[in-house]
Every structure is written in structure tokens, then in C-alpha cells.
Amino acid sequence: MQALDLEVVEAARRWLAEGHELWWCTVLSTFGSAPRAPGALLVARADGRHVGSLSGGCVEEDFLARLTTGAFRAPVQVIAYGAGSDAIDASRVGLPCGGRLDVLVEHWPADRRAFRELEVYAEALRGGPLQERHVTLDTGVSQWTTAAAPGPRVELFAREARIRVGPAARLVIAGISPVSQYCAQFAQSLGFEVVVCDPRPEAWADFIPGDARCRRELPSEYLRRHPAHSMTAVVALTHDPRLDDLTMIEAVRGSAFYVGVMGSQRTSANRAERLRRSGGLDDEALARIRMPIGLDLGSKTPAEIALATMADVVRVMRGR
């Protein structure tokens, strides 16, 4: 998760400032039931102190044991854990889950280059532009570029790894309704960070949040204090224009990749006119709002409307 990634970055910055050399580890690929997904991070010092996780236990134990005995002095290498490995440095450690993972290990001296790497990581994870890090696997030379669109966190090529770095995909649900409940469930199963905002006390009575963050306030106020970053989708799902319209006005001021509001074609046309007349939105801002929300699946039930909404969010997020 990106919250853990930030902890890794901040620990690395502290240790560099203290003069420690670092080993920066990234999960490159997984096969079978590997414990962590590609892009997971761990940073370690020569004495074995570390922050982050590659597997949840067994891989870290082997890696740190080898590190403290002087291994991994090359600028870059790939090590593999689990069965069937053909990576550069295959470990004999098997994973209890029977899977396999390949880990990129970079040895960073405490120099300006390492500080720069971490500055870009921190900016991207905190909501800056989505970045793509290109690492040459035989030399360790790296280069950052702005990613053209969201995509897989890691892509592997013959001599290069490309690692996308950015904030976690976030879904801000404006207002609780039956559709909101299903959207929250679908989004959490898709790996989104979910924030649900509603100032109405009675709305929360039957809402089941799961792992969603609950904010008992106007969604527009939440967005004013936490502007939408480039991996944010904002969906208004109540049919209450007092709540939905304010959300739209605030949402288009941020960098959300998706802004949508529920309603029929007629309701959407009336809302567009209100937002233009009372909200002061111009044609460019209105064009960013998907009214009606979601893919046209002929949806009728709350679950079907939520499915159409989340399918459209994923479509746009993937650049389709």
C-alpha cells in the first residue's frame, strides 16, 4: 500500500541523512500465490534495520541474513524466491504459499543521486504526477519520466524494469445511498482506497463501511481540504442536488481522473444548467463531469448501477 511505501521512503531519507548506505528492494514480479504484489518496497541498512515488506516474513529473513554477511554489494541485481526460478540470483528459500517472486535489489551509497530518487518517490506518492522509473538491470542506471497513463505498477523487459509510482487509486463517494453501498464494496475489492462522505446522521444507520474511511461531513468540504489527486475518482450518488452539485463544483477544481454524478438524461441536463448558472462552471469544467454516470449497461438495480459506475471508473483509469 502507498501508506507503507511512504514509510519506506521517509525511513530511507532519514538513514541517508545519517550517512547510511541503503539497499532498496522492489518486488518485480510474482507467480502463483506470492504474498506481496509487484511494486512492494523494502529498504534496509547494512546492520539489518529495515522498513517495508516483500513477503511478510520468510523472504525478508533470508535477505537480511545475507545482507548482514556482506552480500548484495553490486549496484543492482535480481534475486528470486520460490520454485522454478531462472533469475540472476536464485534463492533456495521456498515460499509457504508455493508461489514465487523476483526482487530487484539496488545498492545506494549515501549520495545526491539517492536523495534525488527518494525526492521523486515522495512527491509522486503524495499526489504529484504519476511517475515511471526506468531501471537498467545490468548497470542500475535509472531515469524518471512522467507516466502517460495509469497501468501496471511494474513492467519487465529484457534489460529494463519500468516501475510506476503514484498515489493509491482513491474513490471518494459523495453521499450514502443503496448505490453507494455497492460502489464501496466493488471499489474495495478492486483495491481502491475508499472515502465515504455524508453529513446526514440518519444516512449512516444501515451503511456497512468495510475498510472504507467514513467522513461525516459534506463531500465538498472534504475535497476542499483534501484536493483530488490524479488517481482519484469522485462519484456523487444521492440524487440530492444540494449535496451532489456542491461536490461537482469542488471536484473539478482538483486533478481527479474521473468525476461523475448519478441521474437521468433530463436530470443531468438540468444539473448542467444549474452548475453553469449558479456554480460558475464553464464548458471545460462541465465536460469533465460524467452525467449520467457510468457505462450504459441498461442498469436498473442499485448493484447494476454501481457495477456500471465502477466499470466506467476502471475504463478511464486504464486509459481506454
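Me: Where is the place of aspartate 206, in terms of the strands around it?
Reply: This is a predicted model. Two strands frame the residue: β12 covers 193-197 and β13 covers 213-215. Aspartate 206 sits in the loop between β12 and β13.

Me: Is aspartate 206 buried or exposed?
Reply: The relative accessible area of aspartate 206 is 70%. The cut-off for exposed is over 50%. Therefore aspartate 206 counts as exposed.

Me: How many Å apart in space are aspartate 206 and phenylalanine 192?
Reply: In sequence, aspartate 206 and phenylalanine 192 are 14 residues apart. In space the distance is taken from C-alpha to C-alpha. That distance is 22 Å.

Me: Are tryptophan 204 and phenylalanine 207 buried or exposed?
Reply: Buried needs a relative accessible area under 20%. Tryptophan 204 meets this, and phenylalanine 207 does too. The word for both is buried.

Me: Why is the pair of tryptophan 204 and phenylalanine 207 classed as it is?
Reply: A pair of aromatic rings is described by the distance of the centres and the angle of the planes. By the pairing rule, the count comes to six aromatic pairs. For tryptophan 204 and phenylalanine 207, the centres are 5.8 Å apart and the planes stand at 85°. Planes over 60 degrees apart count as edge-to-face, so this pair is edge-to-face.

Me: Which residues form one aromatic cluster?
Reply: Rings pair if their centres lie within 6.5 Å. One cluster is made of tryptophans and a tyrosine. Its members are Trp24, Trp108, Tyr121 and Trp144.

Me: In what order do the four strands of the open sheet stand?
Reply: Strands of a sheet pair through backbone hydrogen bonds, either parallel or antiparallel. Here the pairing is antiparallel. The edge strands, each paired on one side only, are β8 (142-146) and β9 (154-156). The order is β8-β7-β10-β9.

Me: How many bridges join strand β7 to strand β10?
Reply: Strand β7 takes in residues 131-136, and strand β10 takes in residues 160-165. They run antiparallel. Threonine 136 stands opposite glutamate 160 in β10. The number of bridges is six.

Me: Which residue does proline 292 share a cis peptide bond with?
Reply: Most residues other than glycine have a negative phi, and most peptide bonds are trans. Proline 292 lies in the loop between β16 (289-290) and α9 (302-317). Omega of its cis bond is about 0°. The partner is methionine 291.

Me: Which residues are the closest to the centre of the second largest pocket?
Reply: The second largest pocket has a volume of about 300 Å³. Its lining divides into seven nonpolar, seven polar and one charged residue. That lining has 15 residues, and the closest to the centre are Gly263, Pro292, Ile293, Leu295 and Ser299.

Me: Is phenylalanine 72 buried or exposed?
Reply: Phenylalanine 72 is in the loop between α2 (58-67) and β4 (76-82). Its phi is near 65°, a positive value in a residue other than glycine. Its relative accessibility is 5%. Buried means under 20%, so phenylalanine 72 counts as buried.

Me: What is the phi of histidine 239?
Reply: Histidine 239 lies in the loop between β14 (232-236) and α6 (241-251). Histidine 239 is not a glycine, yet its phi is positive. The value is about 65°.

Definitions and conventions. Residues are numbered from 1 along each chain as its sequence is written. This is a predicted model: local features need pLDDT of at least 70, side-chain atom pairs count only at pLDDT 80 or more; totals for chains, interfaces and linings use all residues. Side-chain values use heavy atoms; hydrogens and water are left out. Two strands pair if DSSP finds at least two bridges between them. On a 1 Å grid over the protein atoms alone, a cavity is a set of points where a 1.4 Å probe fits but cannot get out, and a pocket is an open set with protein on both sides within 12 Å along at least five of seven lines; lining residues have an atom within 4 Å of a point. Grid points are joined across faces, edges and corners, and a volume is the space filled by probe spheres set on the points. Ala, Val, Leu, Ile, Met, Phe, Trp, Tyr, Cys and Pro count as nonpolar, Asp, Glu, Lys and Arg as charged, and the others, Gly among them, as polar. Rings of Phe, Tyr and Trp (its six-membered ring) pair if their centres lie within 6.5 Å; planes under 30 degrees apart count as stacked, over 60 as edge-to-face and the rest as tilted. Buried means under 20% relative accessible area, exposed over 50%, partly exposed in between (1.4 Å probe, protein chains only).
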